[in-house]
Amino acid sequence: MEFEDFVRARGPALLRYGLVLTGNADDAADLVQEALLKLNSTWRRVRRKDDPEGYVRTIMARQHVTWWRRRRREHLTDDVPSPVREDEEDLREVWERLRALPPKQRAVLVLRYHEGLGDGEIAAILGISQATVRSQASRALATLRARARALSGRQA
């Protein structure tokens, strides 16, 4: 497969992944673009491997971590980006709740539940220990549960 064919075929999926990681359509597009630039320079070697998409997703996750380590703060907004696909409208509430989490916790949950990666793989991608992966996931899930209880208490 040629690089251009790969980008055409997997670009929309990579953009959705970037949106899940960043919570912002503009940052997601930047993340995909940066990752594809890096992938292009190593394409001859990567295309021979079994999973070039996994390779670029790892680049994206690591780049995202680098960005939020530099920023050390998040720019929150009340606006939720429009869904990338029409069938994602039902997931709007999930995206809103994920965006409210700190970046590291959000990245751990996305990699674990959206990408189906194990603790060791997540730790390697994010450059943290497996214990940190587990603690970040635990904290994120506890936060999501507490917010869900608070919302259901207000609606009752």
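The legends below describe close-up views of a predicted model.

**Figure 1. Overall fold of the predicted chain, which has eight helices and zero strands.** From the N terminus on, the order of elements is α-α-α-α-α-α-α-α. The chain has 156 residues, of which 38% count as buried. Among contacts between residues at least 6 apart in sequence, 63% join residues at least 24 apart. The accessible surface of the chain amounts to about 9,500 Å². Carbon and sulfur atoms account for 47% of that surface.

**Figure 2. The aromatic cluster of Phe-3, Phe-6 and Trp-43, linked by ring pairs.** Two aromatic pairs are found in a search of the whole structure. In the pair formed by Phe-3 and Trp-43, the ring centres are 5.6 Å apart and the planes stand at 70 degrees, so the arrangement is edge-to-face. Phe-3 belongs to helix α1 (residues 3-22) and Trp-43 to helix α3 (residues 43-46), so this pair ties together parts that are 40 residues apart in sequence. Phe-3 has a relative accessibility of 14% and therefore counts as buried. Trp-43, with a relative accessibility of 6%, also counts as buried. In the pair formed by Phe-6 and Trp-43, the ring centres are 5.3 Å apart and the planes are at 40 degrees, so this pair is tilted. Phe-6 in helix α1 and Trp-43 in helix α3 are 37 residues apart, and their pair links distant parts of the chain. Phe-6 is buried, as is Trp-43.

**Figure 3. Surroundings of Glu-4, a residue of helix α1.** The relative accessibility of Glu-4 is 46%, so this residue counts as partly exposed; the limit for exposed is over 50%. The C-alpha atoms of Glu-4 and Asn-40 are 9.4 Å apart in space, while the two residues are 36 apart in sequence.

**Figure 4. The largest nonpolar core, a set of 37 residues.** Leu-36, Leu-39, Met-60 and Leu-126 touch the most other members of this core. The elements that contribute two or more residues are α1, α2 (25-41), α3, α4 (52-71), α5 (92-99), α6 (103-114), α7 (119-126) and α8 (130-155). Helix α4 supplies the largest share, namely seven residues.

**Figure 5. Contacts of Met-60 and Val-32, which lie 6.8 Å apart, C-alpha to C-alpha.** These two residues are separated by 28 residues in sequence. Leaving aside residues up to four places away in sequence, Met-60 touches Leu-14, Tyr-17, Gly-18, Leu-21, Leu-31, Val-32 and Ala-35. Val-32 is located in helix α2. At 10% relative accessibility, Val-32 falls below the 20% limit and so counts as buried. With the same exclusion of residues up to four places away in sequence, Val-32 touches Leu-14, Leu-15 and Met-60. Leu-14 is thus among the residues touched by Met-60 and among those touched by Val-32.

**Figure 6. The charged side chain of Arg-57 over the ring of Tyr-17.** Arg-57 lies over the face of Tyr-17, at 4.7 Å from the ring centre. Tyr-17 is also one of the residues that Met-60 touches.

**Figure 7. The buried face of helix α5, formed by Trp-95, Leu-98 and Arg-99.** Viewed down the axis of α5, the buried residues fall within an arc of 100 degrees, so they line one face of the helix. These residues pack against α1 and α6. Helix α5 is also among the elements that give two or more residues to the largest nonpolar core.

**Figure 8. The buried side of helix α7 and the residue that follows the helix.** Asp-119, Ile-122, Ala-123, Ile-125 and Leu-126 are the buried residues shown in α7. They cover an arc of only 165 degrees around the axis, which puts them on the same side of α7. Leu-126 is also one of the residues that touch the most other members of the largest nonpolar core. Just after α7, Gly-127 adopts a positive phi of about 70 degrees.

Notes
Residues numbered from 1 in each chain as written. Predicted model: local features only at pLDDT ≥ 70, side-chain atom pairs only at ≥ 80, totals over all residues. Heavy atoms only, no water. Phe/Tyr/Trp six-rings, centres within 6.5 Å; stacked < 30°, edge-to-face > 60°. Helix = DSSP H or I, 4+ residues; strand = E, 2+ residues; numbered from the N terminus. Buried < 20%, exposed > 50% of the residue type's maximum accessible area, 1.4 Å probe, protein only. Lys NZ or Arg CZ within 6 Å of the ring centre and 35° of its normal. Core = buried A, V, L, I, M, F, W, Y, C linked by side-chain atoms within 4.5 Å. Contact = heavy atoms within 4.5 Å. Areas by Shrake-Rupley, 256 points an atom, 1.4 Å probe, with all protein chains shown as cover. Arc of directions from axis to C-beta.
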